[in-house]
Amino acid sequence: MSIVIAGAGIGGLTAALSLHAVGRNDVLVLEAVREIRDVGVGINLPPHAVRELSELGLGDALDSIGVRTKELAYYDPAGQLIWAEPRGLDAGYRWPQYSVHRGRLQRLLVDAVRERLGAAAIQVGQRVTAVKEAADGVVVEVVDAATGIISSHAAEAVVVADGIRSGLRDSLIGAVTPLASNGWVMYRGTAAAGPFLTGESMVIIGDESQRIVVYPIGPGLLNWLLVRPKSEDRGTGELGNWNVPIAPEVAASFVRNYRFDWLDVHALIASSTEAYEYPMADIDPLPQWVFGGCVLLGDSAHAMYPFGSNGASQAILDARVLAYQVATASTIDEALKTYEALRRPVATEVQLANRRQAGDVMARVSAMARRGAHGDAAAELQEIERRYKQLAGFDVGALNERRSWSVLKAS
Ligand SMILES: Cc1cc2nc3c(=O)[nH]c(=O)nc-3n(C[C@H](O)[C@H](O)[C@H](O)COP(=O)(O)OP(=O)(O)OC[C@H]3O[C@@H](n4cnc5c(N)ncnc54)[C@H](O)[C@@H]3O)c2cc1C
């Protein structure tokens, strides 16, 4: 019997590829939207996620669509460097860190699934509406977006990868999981622009009142992200909707003073071809990810604030660990339970750390920078980054040394 995956996002698609890599050809991905388009803007994949995609044979493809991130640098609002550290290969990892367009990454994964599992392995316009336990597995109910026709699939297990606003999660838990917000809004977009600093730098500029992140995601293309508190007229939109467009001038108006000789942030944002508004949202850590033959994965399990470049990365890790357990456990029940035991504590820690990053961390560091103690601020940032890498799974030594989640290499 097959394994059904609800949702063809980064998590669901990586789960399909990971299951295929451990010998499961009977995987069906059901996606609600009728057409998978290149939506989203830039995301970052640190080396722990890149390792997993590389071990799925996608290293070269990733290299062809992403930019290898060379350094991460923090600047104060005056454009003064607080602290910088090398990233990816330059930091001693065996795998690079990539900055990449989310839509292009999703496309890469879609193509790989279709090539390896067959064109019919992803069915679009198929919204999973319910999952029911059956005597020998589960039954998945689906509604066709074009015709409204309802159909069902029997499966051994269902991977629930339907994102932050997971309706399936709510039906399994039996209550709506509220999306939490810290009252901040994220504006994001891309703009055509030449290289800055090393040409492969990711910079974080600002203080506790607002923060701007900029990095390249392709030749002549910069991704930017601005985080600031919600105001009366902005950021009041629905939580968890990634697709709310705004005029780039709105975001540009917040950064009029951010013009440095190494990067004109205001001009960059004002010249954007696309921009979006996203009230920051996450969910409280869940006490349970497995419900009979149904298992949560990615944002449905652990939606987190987009700090620390780990939303997609933790979904990718979920997928690999789940497939490893499916291949090596003696029953599917045992596989799902072991997956939860391994992944839920880690993802919970990352969710909570991202909440902390959104709050007091920046206030503390900015206070130091304001009184001219850039050295203290640098030490604080270095320590925060060190701890974060450890808990999220990309401490350089631990990642380079740890065993693979590929079944063949694990024996
Ligand atoms: C349109 C979009 C744009 C995004 N843009 C960004 C961005 O710019 N920056 C960033 O950091 N993160 C972005 N994200 C979030 C990021 O992709 C995730 O945080 C991360 O990759 C984890 O992915 P996921 O697979 O768990 O969820 P997602 O990537 O959200 O994928 C979930 C998938 O499930 C599908 N789905 C939902 N309900 C059902 C259902 N009932 N049945 C079948 N399919 C269903 C959705 O259409 C979607 O394709 C975006 C997500 C989406 C959906």
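What follows is a chat between a biologist and a modeller about the structure above.

Biologist: Before we start, what kind of model is this, and how are its residues numbered?

Modeller: This is a predicted model, where local features need pLDDT of at least 70 and side-chain atom pairs count only at pLDDT 80 or more, while totals for chains, interfaces and linings use all residues. As for numbering, residues run from 1 along each chain as its sequence is written.

Biologist: Okay, helix α1 (residues 10–21): how many of its 12 residues are buried?

Modeller: Helices here are DSSP runs of H or I with at least four residues, strands are runs of E with at least two, and both are numbered from the N terminus. A residue is buried if 20 or more other C-beta atoms lie within 10 Å of its own, exposed if 12 or fewer, and partly exposed in between, with C-beta atoms placed from the backbone. The buried residues of α1 include Ile10, Leu13, Ala16 and Leu19. By that count α1 is mostly covered, and the number of buried residues is 11.

Biologist: Which elements do those buried α1 residues pack against?

Modeller: Contact means that the C-beta atoms of two residues, placed from the backbone, lie within 7 Å. Just past the end of α1, Gly23 has a positive phi of about 100°. The packing partners of the buried α1 residues are β1 (3–6), β2 (27–30), α4 (102–117), β12 (157–160), α8 and α9.

Biologist: And the largest nonpolar core, which helix gives it the largest share?

Modeller: A nonpolar core is a set of buried Ala, Val, Leu, Ile, Met, Phe, Trp, Tyr and Cys residues joined through C-beta atoms within 7 Å. The largest one has 123 residues, and Ala16, Val29, Val158, Val159, Val295 and Leu297 touch the most other members. With 10 residues, the largest share comes from helix α9 (residues 311–328).

Biologist: Val158 is on that list; what does Val158 touch, not counting residues up to four places away in sequence?

Modeller: Val158 is among the core residues that touch the most other members. Setting aside residues up to four places away in sequence, the contacts of Val158 are Val4, Ala6, Val131, Val138, Val140, Gly293 and Cys294.

Biologist: Let's do sheets: in the order β9-β10-β11, which are the edge strands?

Modeller: Strands pair if DSSP finds at least two bridges between them. These 3 strands make an open sheet with antiparallel pairing. β9 and β10 (residues 137–144) share 8 bridges, and Val128 sits opposite Val142 in β10. Each edge strand pairs on one side only, and the two are β9 (126–134) and β11 (150–155).

Biologist: Why is β13 described as largely enclosed by the rest of the structure?

Modeller: β13 pairs with β16 (residues 221–229) in the antiparallel sense over 9 bridges, and with β17 (residues 274–279), again antiparallel, over 6 bridges. Ala192 has Leu221 in β16 as its bridge partner, and Val185 has Pro279 in β17. β13 is largely enclosed because the number of its 9 residues that are buried is 7.

Biologist: Arg188 is in strand β13, so is Arg188 buried or exposed?

Modeller: Leaving out neighbours within four places in sequence, Arg188 is in contact with Val41, Trp224, Leu225, Ala275, Tyr276 and Tyr278. Because Arg188 has 23 C-beta neighbours inside 10 Å, it counts as buried.

Biologist: Turning to helix α11 (residues 374–392), what is the arc within which its buried residues fall?

Modeller: The buried residues of α11 are Ala377, Leu381, Tyr388 and Ala392, while Gly375, Glu383, Arg386 and Arg387 on the other side are exposed. The arc is that of the directions from the helix axis to the C-beta atoms. Seen down the axis, the buried residues line one face of α11, because they fall within an arc of 35°.

Biologist: Last one: Ser309 has a positive phi although it is not a glycine; is Ser309 buried or exposed?

Modeller: The phi of Ser309 is about 55°, and the residue is in the loop between α8 (299–302) and α9. Leu197 is another non-glycine with a positive phi, about 45°, and it is partly exposed, with 17 other C-beta atoms within 10 Å. Ser309 has 24 other C-beta atoms within 10 Å, so Ser309 is buried.
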